[in-house]
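Q: Could you take a close look at one part of this model for me, the sheet and whatever is linked to it? I'd like the walk-through in plain words.

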Amino acid sequence: MGKTWREIKESIETHVKEKYKTPSLYKVILLNDDYTTMDFVVYVLRHIFNKPTDEATRLMLNVHRQGAAVCGIYTKDIAETKIATVHDLAIQHGYPLKCTMELE
């Protein structure tokens, strides 16, 4: 005897859920250092993370006071690209600014 309609439907739903899982998300975290200027950090937050000036300033102050701040939450590829962009821009301007990512 063949499968019932309900069994077929459940099998299809399970297959679709397994095949199309939502991608994992990662927090991109900007780290404080003693050399990068506050203005440069605000610039990075505005131009790489697309933050408005007031939010960029608030995040910069969090980095300064607390040692780190979450700049955004992205899929793995986008998070890695943002981090590489920050590091490249910081090197171009002579700053040691770093960021990292961690699983959300």
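A: Sure, let's start with the sheet itself. Keep in mind that this is a predicted model. Three strands make up an open sheet, running in the order β2-β1-β3 with antiparallel pairing. The edges belong to β2 (68-75) and β3 (98-103): each has a single partner strand, so one side of each is left without a neighbour in the sheet. As for twist, neighbouring strands here are turned by 30 degrees against each other on average, direction ignored.

Now zoom in on the β1/β3 pairing. Strand β1 covers residues 25-31 and pairs with β3 in the antiparallel sense over six bridges. If you want a spot to click on, take Val-28, whose bridge partner in β3 is Met-101. Packed on this sheet is helix α3 (residues 53-66), which touches β1 and β2. The direction of α3 makes about 125 degrees with that of β2.

Next, the charged side chains. Side chains of opposite charge can pair when their charged atoms come close. With a cut-off of 4 Å between the side-chain nitrogen and the carboxyl oxygen, the count comes to three salt bridges.

One of them sits right on the strand pair we just looked at. Glu-102 forms a salt bridge with Lys-27, and their closest N and O atoms are 3.2 Å apart. Since Glu-102 lies in strand β3 and Lys-27 in strand β1, the pair ties together parts that are 75 residues apart in sequence. Glu-102 is partly exposed, at a relative accessible area of 38%.

Another one takes us over to the helix. Glu-55 forms a salt bridge with Arg-58, with 3.9 Å between the closest N and O atoms; that value falls inside the 4 Å limit, so the pair counts. Both residues lie in helix α3, three residues apart, which is about one turn of the helix. Arg-58 counts as partly exposed at 45% relative accessibility, and Glu-55 is partly exposed too, at 25%.

Glu-55 has a further partner in Lys-51, where the closest N and O atoms are 3.6 Å apart. Lys-51 has a relative accessible area of 18%, and buried means under 20%, so Lys-51 goes down as buried. Put these pairs together and you get one network: salt bridges that share partners join Lys-51, Glu-55 and Arg-58.

Notes
Residues numbered from 1 in each chain as written. Predicted model: local features only at pLDDT ≥ 70, side-chain atom pairs only at ≥ 80, totals over all residues. Heavy atoms only, no water. Pairing = 2+ DSSP bridges. Helix = DSSP H or I, 4+ residues; strand = E, 2+ residues; numbered from the N terminus. Axes fitted to C-alpha atoms, helices over the stretch in contact; angles between N-to-C directions. Contact = heavy atoms within 4.5 Å. Buried < 20%, exposed > 50% of the residue type's maximum accessible area, 1.4 Å probe, protein only.
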